[in-house]
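Hello,

Here is the structure I said I would pass on. My notes on it follow below.

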Amino acid sequence: MKDDAGGNLNRARFQALCQSLRPDLVRFAFWLSRDQALAEDVVQETMLRAWKARDSLKDETAAKPWLLTIVRREYARSFERKRLITVDVDELIAKEEPMLAASQDQELAELRAALFKLPEEYREPLVMQVLMGYSTAEIAAELNLSSAAVLTRLFRGRKQLRALCGEDTSLDPE
Amino acid sequence: MIDHAQYRRAVLADPHDADAELARHRESCEECSAYTERLLGFEEKLERALRVTPRAAAAAPGTVVTPLRRPRRQALGRRWFAMAASVLVGLVIAGGLWLAAPHASLAADVVAHMAGEPQAWTRTDVPVPSPELDFVLRNTRMRLRPDAGIVTYAQSCLFRGHRVPHLVVQSDMGPVTVMVLVHESVSKPTPFDEEGYRGVILPVAGHGSLAVLAKDQSGDLASVEKVAAQVQAAIEWTG
C-alpha cells in the first residue's frame, strides 16, 4: 500500500486506517465467533499480520475486504487451535450477556440472542451483507461460493431468524 | 413476470435489491409491498442488533445494562419444562396430522421442493467451487466423479426431515436437478411428469434413491433417464 507521496504507508496512516475499520472488524469477528475476547484477539492478530503484509495491499480503498479476509483466516486458525467441536448456545449467550444486552431495547436483545442461534453458514453471509455492506457477488467471492448459493443462504438465514424472533412468517415462501 | 413467492424469496435474500423486475412487482402488488415494508422494518432492527458495543463502552457511566435472560439456573428449569411440554404437544399434533393428511408421493414432494429454489435452474457452464460441493457432500458418504457433468448448483436441503444434497448438473438438455435421497427407498425406477417437471426416481441398492428431473420443456423422459444413468454411474459410495 502506498501513501500520497508514493512511498510505503507509514505507521501513523496505517494505524488511522485500522482504527477506523476496527469497530466493524471486531463486530464481524464477534458474530463469527460469538465470543468477545476471542473476537478482540482475532482482530489484534489481524492488525499485526496486516502491518507485516501491508505492501500487498495495493489500493487503500480495498483495505476493508482485505482485512476482513485476514480476520476470517485468523478466526479459522484460532478455531483449529482450540478445537471447539461443540458449542452450547445458551452458555455462550450467558457469557456474552453484558455485550448483547448493552441496549435497553428488549426486542434488540432478543434479536441478538436469535442471531447467536443461527447456524454459522447462515449467520456469516448475513453479517457480511447487513453489517459490512457486501454485495452478493462479494460475499460469494469471499466465501468461495456461487452467487446462487449465497442467495439461498441469505434467504434461509433471514427466514429462520424471523421465525426465531416470533415475526409473522405466514407469507414467507417455502 | 415473477410471482409472489419468487418476489418474496428474492427480497428475503436481499431486502435492498434494486432489481427493476422486483420493483415492478412491488408496485403492482399491494400485499408484497406491505410485506416489503414489514421486512425493511425488521432489517433496520437487524442492523442495529448487529452493531454491538464492545464491553468497555457498554460499562461506561450512564449506560444501563439490562439483563438479557433470567438467571441461568431458573432458566434451565423452565427450559426443561418447556421442552417436555413442547415435545408432548408436538407429538400429539404430529400424530393427528399424520393420521389426517393424505400422504404425498415422493415424486410430488421432490417437485414441490423445486419451487423453493428457482435460481438453481440457471443455464450456465460455471461450476460450483470444489469446496462448496465438498461441503454439501460432506455427510453423505458419496463422491461425485467429474463425468457426472458440470455441477452448477449444490445445496444441502431439508427434505422430509433429512439433509440431502440438491445438485444441478448441466447436460445437453440444459440444467438437470439431482437429489440424493439416501433415506427414501423405491423398489423400481419410477418415472413422473407433474407440475411442469419430468423425471425419474431410481433405486440405489443400499443407499436409498436418486431423484433426477428436468423442466418438461427441456426434453423427453428418455433424455432425463440418460442423464440419470450418467449421474448414477458417476457416484462413488464410500460407506
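In chain B, 53% of the contacts with a separation of 6 or more are between residues 24 or more positions apart. Please keep in mind that this is a predicted model. Chain B holds eight helices and eight strands, and 27% of its 239 residues count as buried.

Where the two chains meet, I looked at one pair of helices. Two packed helices are described by the angle between their axes and the distance between the axes. For helix 6 of chain A (residues 106-117) and helix 3 of chain B (residues 30-50), the axes come within 9 Å and cross at roughly 75°. Angles of 65 to 115 degrees count as roughly perpendicular, and helix 6 of chain A and helix 3 of chain B are therefore roughly perpendicular to each other. From helix 6 of chain A, the residues in this contact are A:E107, A:L108, A:L111, A:R112 and A:L115. They meet B:K45, B:L46, B:R48 and B:A49 of helix 3 of chain B. Sorted by class, the contact between these helices has five nonpolar residues, four charged residues and no polar ones.

Two residues of chain B have an unusual backbone angle. Most residues other than glycine have a negative phi. B:R141, however, is not a glycine and has a positive phi, near 55°. B:R141 sits in the loop of chain B that runs between helix 7 (130-137) and strand 1 (142-144). B:R141 has 12 other C-beta atoms within 10 Å, so this residue is exposed.

The second is B:E195, also not a glycine, with a positive phi near 50°. B:E195 belongs to the loop between strand 5 (190-194) and strand 6 (197-203) of chain B. Is B:E195 buried or exposed? B:E195 counts as exposed because there are 12 C-beta neighbours inside 10 Å, and the cut-off for exposed is 12 or fewer.

One last residue is B:F135, which is part of helix 7 of chain B. B:F135 has 18 C-beta neighbours inside 10 Å and therefore counts as partly exposed; a buried residue would need 20 or more. Along the chain, B:F135 and B:A154 are 19 residues apart, and their C-alpha atoms are separated by 9.0 Å.

That is the end of my notes.

Regards

Key: Residues are numbered from 1 along each chain as its sequence is written. Chains are lettered from A and ligands numbered from 1 in the order in which they are written. This is a predicted model: local features need pLDDT of at least 70, side-chain atom pairs count only at pLDDT 80 or more; totals for chains, interfaces and linings use all residues. Helices (H or I, at least four residues) and strands (E, at least two) are DSSP runs, numbered from the N terminus. Two residues are in contact if their C-beta atoms, placed from the backbone, lie within 7 Å. Axes are lines fitted to C-alpha atoms, for helices over the stretch in contact, and angles run from 0 to 180 degrees between N-to-C directions. Angles under 35 degrees count as roughly parallel, over 145 as roughly antiparallel, 65 to 115 as roughly perpendicular and the rest as oblique. Ala, Val, Leu, Ile, Met, Phe, Trp, Tyr, Cys and Pro count as nonpolar, Asp, Glu, Lys and Arg as charged, and the others, Gly among them, as polar.
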